[in-house]
Amino acid sequence: MADAGPKTFMPGAALVWARQRVLWLLYAISFVLAYVATRGTNARVGAILDHSSAARQLTHGFNVGAFSSLAMSPEAPLGGLASASVSGAVLFTIFMIFATGGILMTYYSGERLRAGAFFEWSGHHFWRFVRLTIYLLLVLIPVLILGSILGRVYTRIDKQSISPMPAVHVFEATVVLILFLLICIRIWFDMAQVIAVAEDEHRMHRCFRRAAALLWHNFGSLFWLYFRVSLIAWVVFALGVHIWTDHLRSESIAAPFVLSQFLIIFWIACRLWQRASECIWFREHQRTVATNVPVYDAPPLAASESAVPSTS
Amino acid sequence: MRSNTTALLLGLLGLPLPAGSRQATSTHPVAQAHTKTAEPEKQRTLSTRVVAYDIAARLDPAKHAITASETLIYHNLTGQPQKQFPFHLYLNAFQPQSTFMTEVRRDDPDYSWKPEHYSAIKITQFEATGMGDLTNRMQFIHPDDNNTADHTVMQVELPTAVPAGADVEFKISFEDQMPEVVARTGYLRDFYMIGQWFPKVGVWWKGAWNCHQFHHDTEFFADFGTFDVKVTLPQNEVVGTGGDLVSTTNNSDGTKTLTFHSEDVHDFSWGASPSFTDVEDTWTGSAGTVKIHVLMSPGNMDTAPRYVKTAKDSLTLFDQWIGPYPYDRLTIIDPPHGGFQAGGMEYPTLVTADTAWYMPKGALFPELVVVHEFGHQYWYGMVATNEFEEAWLDEGINSYTETKIMNALYGKSTSVGNFPFAQLGEDDSQRFTYLGRPDLDPLTRFAWLFYDDRSYGEITYGKTTVVLLTLEKIIGEDTLRQALHTYFMRYRFTHPTGSDFIRTVEEVSGKDLHWYFDQAVSGTEMFDYSILDAHSDPLKWWETSSHPSSPKDELYRTYVTVRRNDDFIFPVDVRIRFDDGQIVDEHWDGRDRWKRFTYDRNSEVESAEIDPDHQIWLDRNFYNNSYLVDADKRATKKLSNIWGFASQFLAQLFSWLA
């Protein structure tokens, strides 16, 4: 797929690099939430493992039996672990909805926002993006229905076919199709958010419709913009996990920690890379098509570091 | 039968192949075109042949039905005249009101009945030679639960008793309606697994007929004898059976009739599918050559070499450790995808395996299933214990030998799963099974009287394994292996009991082990010993302000206290390490609730550990078996890092919505 639109790949990465404070903010939030989610369990696990030689089965390699035994121990040290992590994930998601306004303004304006301005822009767009997220959830319903239908097709073929492979191929095709649709939907809503920030549009249904038209007419450019960064993120993630599981000493503590945090940072950076690329793309797109506005000026309230959003 | 919990497990790589073999792949519809070897060992009568079945069956694939006639000659070796004969009609279990299905629903209220799971065996005519048609004399009986809707046991009363030592010949016509595969029998698309499909007479045992109803958690019990079975089915079917192929006849109607013979076995089952690929191999052991047929389903061919290798490795190790495999055949049927219900089952000289098209090499599930089901050729097939009443003797002992073989073949800590990021050994896997609810039922409970299906599995498979692994600590691994060998050689082709097993172990080991078996086998006592305390204190603690010239001049009093937390009494070894490198090994009979060891030394305690050689697998908590004075936080940090990363990654996935 050719990138027929504005050049965004390297400029997007450069913008993320230049506005690193956004990246570190998101990483810090992610880290703190994960720390909180695991802290209580760590204390309970530590009480069992720290003075036990049986814990060596978890240090040297990872003995699933020893881990299962730990999970089933009378003290139930792992109880509540999953719910704490899910709670942390939900909080992070809410924070991301909140921070998206500030993030996009940072990238769209190309200026360095002060912390106060960043959070004011974040708050300015928060409820708009909550509404947009609700739209997103509604749009996902047909995808879920499609997935369910294809799942039933898979089940039927699997049940009837002598060989398992036809159903496997259906499954693979289903995964590709659903992923494709999810990417398209994400780009669609990404662009709606960009429009909302760039034009300070508070009517989300308008952003929603305009983003759809934008995606429809510039599909190749926008899809490639998003997809290639996603691909890089997944490849690096898989490579990192491979290094972690296959090449680091199992009893090593520091190296896996550093690697795992690098992967999280890189993952966040890739998402920001997509957002920055989308902002650059939209800015250039506006510059190209808006003949009555030949040169784009930054939005009125974001033109300087002191800019703050108006109330809406 | 495979334990359900094994379905969770993952695993590893391969091992050396036993000697000389050739391997061939064939899709020839007659998968068992070999004749019996003429070796003298295999021509001997191995068992007391009580029954002689002659069955002619015809499969109707369109209706998933079988029509058959059965001639059964029963040799009355009961020592007394017999007038009443009970028969198992296992296929009647898969009906909504049967005892089997009632128990399924009791244990799983979410289970919903599927009409395609319906099956039935209907006797259309029942005769006894010289006594006429006795069809009207048949009546269903319910010896276990008085469930009148259960039709899995039929009894017929003869007009005249069969004298002791005499034979009676039954002629039975019957029809089978096969279910969509459930509980190891039935059809799935073009695949058939035909097990427990004919009227099978009960066993005269301990002075009475033993013919239990078919329960959710029971298996089978039958007398040894001979089987001559004719199966008529479409010519394109590839057939695997628990018998030697005697002849093949192609019929004008597009069917073929295969004739099989099997002897010194107590059951006959078969499987068929036009989609099977037959992978052949041979193995030679102390009792001669064994022909191996592996009937592979489409999509699973990658697993075929793993099945073959595992079968040969199992034959080799059982031959070396337990005793000779006296049959000249072993058939492994690989159920098709979706046929999990047919997988992991044992019949004489025929087993069903289990895999999936995507099975990674590190997941040793296919190997585990083959080792387990092959082991049943010994523990069930030849040592034919009563699976209804003492399931631990077949499933449990077999799970133990499975564990030993998997460990020998694939490594003790990697015999179930062997991935770079995680490992799992069979010992741990079986212990994990046992830890579910270790005190709910004793091993000796009748299978259908366990609290539920889960308890049956956890206790029968898992607890028996850890009981025998722990027994190794008392009598030694080699002695226990010798005891199993003696038990096998002594009781093969008979119906021994738990007492026979325990007596054999005591005899071979030369030890009175009732104190152990009473708790571990008959009892439900929990087992947990722990280090309650380990610390050192300056002997002259009141002079703590004074500093000795050298640390070695300081004298310490060290206390190590061991505690018995539960009711299981077991002697334990305790190893105490001091910071000068000295090691002290102690032994405690474990009878009291706690025991304190005290030492005056010029070194401080570094660690104390119960069972330092890690042989007491019954202990339900390994983590409190030791105490390290200086904390080692690496495991906690490692888990923390993994879970923290997982939490962060989960957050990233969630935030896709933002």
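**Figure 1. Contact between chain B and chain A in the predicted model.** In this predicted model, 55 residues of chain B are in contact with 61 residues of chain A (contact: C-beta atoms, placed from the backbone, within 7 Å). Strand E26 (422–424), helix H6 (426–434), strand E32 (605–610), strand E33 (626–628) and helix H11 (634–654) of chain B each supply at least two residues of the side that touches chain A. Helices (H or I, at least four residues) and strands (E, at least two) are DSSP runs, numbered from the N terminus. The predictor gives the complex an ipTM of 0.91 and a pTM of 0.89.

**Figure 2. Helix H11 of chain B at the side that touches chain A.** H11(B) brings 18 residues, the largest share of this side. By class, the side has 24 nonpolar, 21 polar and 10 charged residues; Ala, Val, Leu, Ile, Met, Phe, Trp, Tyr, Cys and Pro count as nonpolar, Asp, Glu, Lys and Arg as charged, and the others, Gly among them, as polar.

**Figure 3. Residues 6–42 of chain B.** The mean pLDDT of chain B is 93, and 92% of its residues reach 70 or more (pLDDT: the predictor's confidence in each residue, from 0 to 100). Over residues 6–42 of chain B the pLDDT is below 50, and beyond near neighbours in sequence this stretch has 96 contacts in the model. Where pLDDT is low, the predicted coordinates should not be read in detail.

**Notes.** Residues are numbered from 1 along each chain as its sequence is written, and chains are lettered from A in the order in which they are written. In this predicted model, local features need pLDDT of at least 70 and side-chain atom pairs count only at pLDDT 80 or more, while totals for chains, interfaces and linings use all residues.

Key:
Contact = placed C-beta atoms within 7 Å.
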